[in-house]
Structure formats: C-alpha cells, structure tokens
Protein chains: 2
Amino acid sequence: MEEVNVGIVGLGNVGSGTLAILAENGDQIALKLGYRLKVVAVCSRSVCSKEIPAELGDVFKTTEWREVVTHPDVQIVAELVGGTSVAKEIVNAAIENRKSVVTANKELMADCGPEIWDRAIHAGINLAMEASVCGGIPIHAVLREGISGDRVMALYGILNGTCNYMLTEMEKREVPLAGVLAEAQMLGYAEADPSADIDGFDARSKLVLLAALAFGEKITPSDIFMEGIRRISPLDFQYARQLKHTIRLICGARKTASGLILFVRPALIPTSTILAGVQGAYNAVWVKGKYGEDTFYYGWGAGARPTGVAVVSDLMRVAREIRSGSPERVSPFAHERLGENKPVSILLQKRAYYLRFRVDDRPGIIAKLAGILASKKISLEAVLQEPCDTKHDLPFVITVEETSEQSIREAVEEMSHLDFMREAPLALPMETAL
Amino acid sequence: MEEVNVGIVGLGNVGSGTLAILAENGDQIALKLGYRLKVVAVCSRSVCSKEIPAELGDVFKTTEWREVVTHPDVQIVAELVGGTSVAKEIVNAAIENRKSVVTANKELMADCGPEIWDRAIHAGINLAMEASVCGGIPIHAVLREGISGDRVMALYGILNGTCNYMLTEMEKREVPLAGVLAEAQMLGYAEADPSADIDGFDARSKLVLLAALAFGEKITPSDIFMEGIRRISPLDFQYARQLKHTIRLICGARKTASGLILFVRPALIPTSTILAGVQGAYNAVWVKGKYGEDTFYYGWGAGARPTGVAVVSDLMRVAREIRSGSPERVSPFAHERLGENKPVSILLQKRAYYLRFRVDDRPGIIAKLAGILASKKISLEAVLQEPCDTKHDLPFVITVEETSEQSIREAVEEMSHLDFMREAPLALPMETAL
C-alpha cells in the first residue's frame, strides 16, 4: 500500500526527535498503520548542516518553509518551529494548500486554537496537537477520545517540570529556593532568567490550552489567577508535613456553582494523593469526571523524544484519517456551549487555607491575628509552630476552615500592616478535595 | 444533523451505568459530536422491570438479543453481557449484520480478540473495547493513539483493585491477610470465593489483553507466570519499608534480549515510584516506551459509571467513524510482527530478589543459607531482621543481587528441605527498574 507523505518544518529539539523516531521506528509504525509514513521534505534555517537519518532515504531539504507547505507530495505538514508569528503563517498556509497539520505549538494553540480549528474544519483537512501541551503525556487523546463520554468537573495539573523539580528537591533536602534554582540552572532545567517557570507564566499558558479542551470554553491568560513559587521555603514543607500535606505548583480548573475557577499557584495537597507522588521534572494531570470519577496521567512534559512520540502519534492519527477520507468535523474547543463554564474570579472560591507568618515575637500576637480572622468570619482550625531559636524572626502557621478567597485576602491585607509582622503573611489554599 | 443509533445488549451494572450517562450527558455528547447518540433498542433478561431513563425517549425493549443485532435502525451494538459464549454469538451476529460493535468484555477480547478484529475488518465495520480492561482508565486510547508512535519496552500494571485494597490496608494497619480479606468481602470488593482475585486469575486475564495490545503479540494465559498474594504478611511490608520499597501485585510484561517476560506476582517496588502511590481499590498502568520514556495512567478499574464512561466514549468514537465512513483497517493485536516479542519463560528473567524466611533459630543458619546461595553463584546483598520475641518461629530476610529466576528457584527448593525451615522461603522479585 502506498505511503502517506509528511513534511517537517523546524528541526530543533522536537523536530530532530521526531525525525529520529520516524527513522528508527518506521517498521513498527508501518505495521500499526498498514502503510509507511514517508518524510518527503524538511525545512530548517540550517538544514544543510543537519543530519537527516539515512533510513529516511531521499528527502527534499530547504530553508524556505513555503516550499514544504506547497510541495505537491506533502500530505501532512508538521509545524515544529514554535512561537506564534511565523508558526501561524505556516499553519495557515498549509491549510490553504489543503495539507493536514500536526503542531507542537502551545502558544499558537492557546492563542489561536479555536480560530485555526475552524479554518481546518472549513477546509476539510485534519489537525492534531498532542505535542502542544505535556509533551510526553497523551492528554489530548484522553480528553478527545478516552474519556470523551464523561463531563470534566475539575482538572489539576503539575505542568511545569522545572518548578516541580525545585519544589521536590526543596522538600527532600531542605535547600532554599535560591539554592535549588541554581542547581536547576546548572542541570539545564531552568533558564538564566527563570521568571517564565517560577512565576507561573509557562504553566499558565499550558492551562489556557488544557482547560479550553477539558471544559470546551474559550480561556485567556487573564482568566487565570497566577502566583509563582518565589515565597515557598523549606519551612513551609515542614509545616505541610505536620499537616500530612505537601506543596506543589498546581494548575487548577474547577467547575463551581458560580462558574469556572482557574488558577496557577502553590497549594497544599494531601501526601496520600497520587498527585503528591509526582517527583522531579515530571508533569501530571489529574482529572475529575462527573461519571468516571478521578483519572490521572503522568509522564515527561518536554524533551525531544517524549515530545517526538506525541508528534509521530499525531502523524499516524492524521494519516489514518487521510486514508479513510474523514475530515475534522467538530472543534475540540467548543463542545461546552451550555453556559456552565464561564471563567469567574478566584475571589469566589471557597477553600481551607494555610497562613504562614514571620513575626517579632511578643505577647498577644495570636490574639490579634485571631481577632482579625473572627472579624472576617473565618474559623481558625490549628496553630502550628516548629521549634525556633530566635524571637526576632519567628515563623508559625495558622490553618483556617473553608472560607472565601476574598475573605482571606482581606484578612491578609489587614494582618500585613501589624507592626510585629516581618513580611506579609503567605496564604496558600489547601486542595484537600483531590 | 441526524443522530447515530445505538442498541444496548445487557443491562447489568455496566449497561445501567452506560444508559445513565447517555441520558444525563446527552447534550454535551451531542455538542462534542455534532449530532446525538440515540438509544433505539435495549435487551436484557428482565428488561420490562428495568427503568429506562426518561431522557432517552422511546426505546424498543426486548429480552431477545437477536432483535437488537438485527434491528434495522441500530448502527452500533454495545455488547455488555460479559462471559464468552453468548457474548461471542452476539458480537459475531452483530458483525454479520454489519453493525459496528462496542464491547466491555475482557474475557472475550482476551480469548478471541484477534479473530473478532479480523472479522470486523473484513466486514468493514468498527469495533471498540475501551471498557474491556481497566474500566475507568482510557488505556486503549493511549496505546492506540496517544503513544502509538512509541515502541513499548515494558508495561507494569496494578490491575486488580481488590488485591490492591487488601495490600494497602495490610501495609497501613498491619492486619494479616485473613483480616483484610474479611473486610474486603464486607465492603463488596471481594467475592465469597476470593480465588479469582487473590490468586491472580483476574489480573492475569487483564494482562493477556493489555500485553497483546502493547506488544502486538498473541498472548495466552499460559504464557504468564502467576502467583497470588496469599503468602504476603504485614511483616513483609515492614521489611520492604526498611528497604525503601513496598509490595504490590504487579502485572508485568517486559521485553528482554530473549523475548517477552510476562508475570502476575507480588513484587517489591521502590516507594519513591509513582506506581507505589497507588492506594486502595484503584488500578494503574505504567508504560515504558523506547522513545517517550515512562508514562503512567490511573483510575477506577471497575464500577458502573467509570466503565460506563469507557463504553460511551467508545460509542462516540465509533459514531465518528461511521459518520466519516471510515472502517477499521488494521487490527490493534497484530502490529508487532517483527519477531521480537515472543513470550519466554520467567525462568530466564534477571532480577534482585527478596527472600523471607521463618526458622527455628539456632547457630549456623545464615552460614547454611549463604552456602546454598554461593553454590548457585548468587551474591548476597543484605540480611535484615526485625526485633522478635520467639526463637521458634523467627522471621528474617535476605536480599540478593541480580540473578536468574531459575537460580533463585533452585536455591529456594534446596533451602526448603533444611530442617530448621518452618515453611518454604518466600521469594519476591525487586522491580527496581521502574
């Protein structure tokens, strides 16, 4: 049976991983499909100096992406360049030329996913984007097919491997943030400017896409409350442990009576949960369905080969669709038009909270703080204090029963002006409902 | 747009769950598909006394399954009766009548999967079986689509929720097997005759199917080494903890240089692994891919609604295929014809092992055991002993470095004849490569 022909645009990390898998695993792919996937054209800025695996045979090489998307033999274009400007041109040009498209581009799909899908459906071509979020975890296949009969009630992800590596190292070895950040930078997990990771921007753009797919609602970054991990210290892990919890940077999307609550923030989660077992630079997604209850998915969030597997699996899926003549018909972004999932402010959420203070010790502190909590109708649950040598910078923790984010913010604001307070209290939600 | 019409055969646990989801979640399903799934016919032995949800409207009810598979309006038959005799007739009759088929039947697909798939492909109809193994975990979608570009090197599952519940309770509360079994029976997790669960039969039939799909090789129960959990005691968890491991009933399939090693047996796994975090009656599957490294999937293994989600998701998938006119073309059972994955004997496997003894204490015991190990060229790694009052029934543990299952069996056989040995030594592999 004749092969299906692929053009690859972009030979960076993911592009090279994709080519390597197509070359090495070509025989098994052909057995699974019933025909071969053939790479007929590749484009990159330095394509002449790049090694094309010998198993792929004769491949047209170019530095001009238009030559791939207009190549008469190419049936599927894999857009692996990243970014949103040229990538969008490539994808749109491919669709105009009636090529199917596989993309690994998180930013592009988060920003323009619904629009690109509508265009693809209109043109009658197929589009796939497994690699665009959580590279090694087949979360798109799960949401689109595996549990498509369910209705997602909540989705909690650990979507930034760098932060998870830093937090689990801090937990294990009690090294402060600056130390684990330096290590992560040495290992190549963190950039010289770590803000995209540790302030939550990267995780937030992943959540935009995942939540849109899970809840079928247009999500924008501004719908998502974002707080990074800069204020988390080894001490917080000690207190969390006393409470049988740990701390992770959680990307959450949760249906409530008022609407969809969305956040990226450090939160306490019970150590007994499967999400708490995610160590190191792994990613994970926990999904709570109305009917199927909870399911959980775990793997590498990035990397040339894990992401390459996602691209190759998408190429196989699209090849099957091309062969069976079945174009895309329904966008994965728009299944929930029932008006239940409009994003609402985090201020509406109800949670138990962990409040960590650093104070100059003196009599009456607890009374003062308890008074503020009472004035906001917040019920104090427990007061915890680890042994400490100093009276000048005394840490302790108060946990409070379920209350609104609004009330906690008001209380924290009022508390931060107290003269014994060395820094604004740190408030973290306790996500015990996992 | 017109609906796709479904006939349901079997209204037990899974059938009722499926109907409930189709009724309650019908609007969202229609948004995801672009048309409705309509239940037009149901069959069960006591269909007249069963409640059909009002949202489903007018449904033809019968006690005769042939009336569903020959019903002119039915496009997809969901076979939810279980077992292998009538179920096989139903599936075959549906295929003959050119109906697509969704099945939740583990035994049937494990026994006759390849044959039924070939028949379905020949007839040009579609077949789906997400619910047949690990009900709530979309493992078929993952293997068929999500990571189809990868080559599976190993698959480790916790596939029997009853055993996992019993083992984790034994671990937490130090209750012996008889006690946790009685509790599991009270909770309805275990049958009056618990053999299918605790001796490994249920887990083995699941592994037959999963391994066939992951490795594309025909697997039969006799290819799989099976050992149940009857000999595991709270003491073993204490020793395992000293070794930073826990014990789970592991369903394993692993590529080796000699071929595919398959087993269902209690094994030690490191507590730091994500698989060790699977508590209670959950199921989980850990997959090691050649390119994508490890991914992990977790959820309820059974239950009316989790399994119902799998059935409904399959109905949606098949409906999409019917609408796009794309019949099945390649069986998911036969992608690996490269001759790499022939099942081979467990005796060939190399692992570190945990050996637990119960002896009448006297001088020279360790010397004697160490002598036997040395004679088989097995290197002793550690000797562990928990504090103990008695000399008559003294437990202790020896761990040994990587050796073959063959050598360990010979050593254990020789050791069991020693006069101080109160019972045959318990040998468990240490699955540290997770």
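Q: Through what surface do the copies meet, and what percentage of the interface residues of chain A are also interface residues in chain B?
A: This is a predicted model, where local features need pLDDT of at least 70, side-chain atom pairs count only at pLDDT 80 or more, and totals for chains, interfaces and linings use all residues. Residues are numbered from 1 along each chain as its sequence is written, with chains lettered from A and ligands numbered from 1 in the order in which they are written. Contact here means that two C-beta atoms, placed from the backbone, lie within 7 Å. The copies meet through the same surface, because the share of interface residues of chain A that are also interface residues in chain B is 100%.

Q: How do the residues on the side of chain A that touches chain B divide by type?
A: Chain A and chain B put 55 residues each into the contact. For the sorting, Ala, Val, Leu, Ile, Met, Phe, Trp, Tyr, Cys and Pro are nonpolar, Asp, Glu, Lys and Arg are charged, and the others, Gly among them, are polar. On the chain A side that gives 22 nonpolar, 20 polar and 13 charged.

Q: What kind of axis relates chain A to chain B?
A: Superposing by least squares on C-alpha atoms of residues with pLDDT of at least 70 in both copies, chain A lands on chain B with an RMSD of 0.0 Å after a turn of 180 degrees and a shift of 0.0 Å along the axis. That's the relation of a two-fold axis.

Q: Which residue of β12(B) is the bridge partner of A:F296?
A: Strands are DSSP runs of E, at least two residues, and helices are H or I runs of at least four, both numbered from the N terminus; two strands pair if DSSP finds at least two bridges between them. β12(A) and β12 (residues 293-300) of chain B run antiparallel, joined by 3 bridges. In that strand of chain B, A:F296 is matched with B:Y298.

Q: Is A:K244 buried or exposed?
A: A:K244 isn't a glycine, yet has a positive phi of about 60 degrees, and sits in the loop between α11 (234-242) and β9 (245-255) of chain A. A residue is buried with 20 or more other C-beta atoms within 10 Å of its own, exposed with 12 or fewer, and partly exposed in between, C-beta atoms being placed from the backbone. A:K244 has 12 such neighbours, so it counts as exposed.

Q: Which are the edge strands of the open sheet in chain A?
A: The sheet has 6 strands in the order β3-β2-β1-β4-β5-β6, with parallel pairing. Two of them pair on one side only: β3 (60-62) and β6 (127-128).
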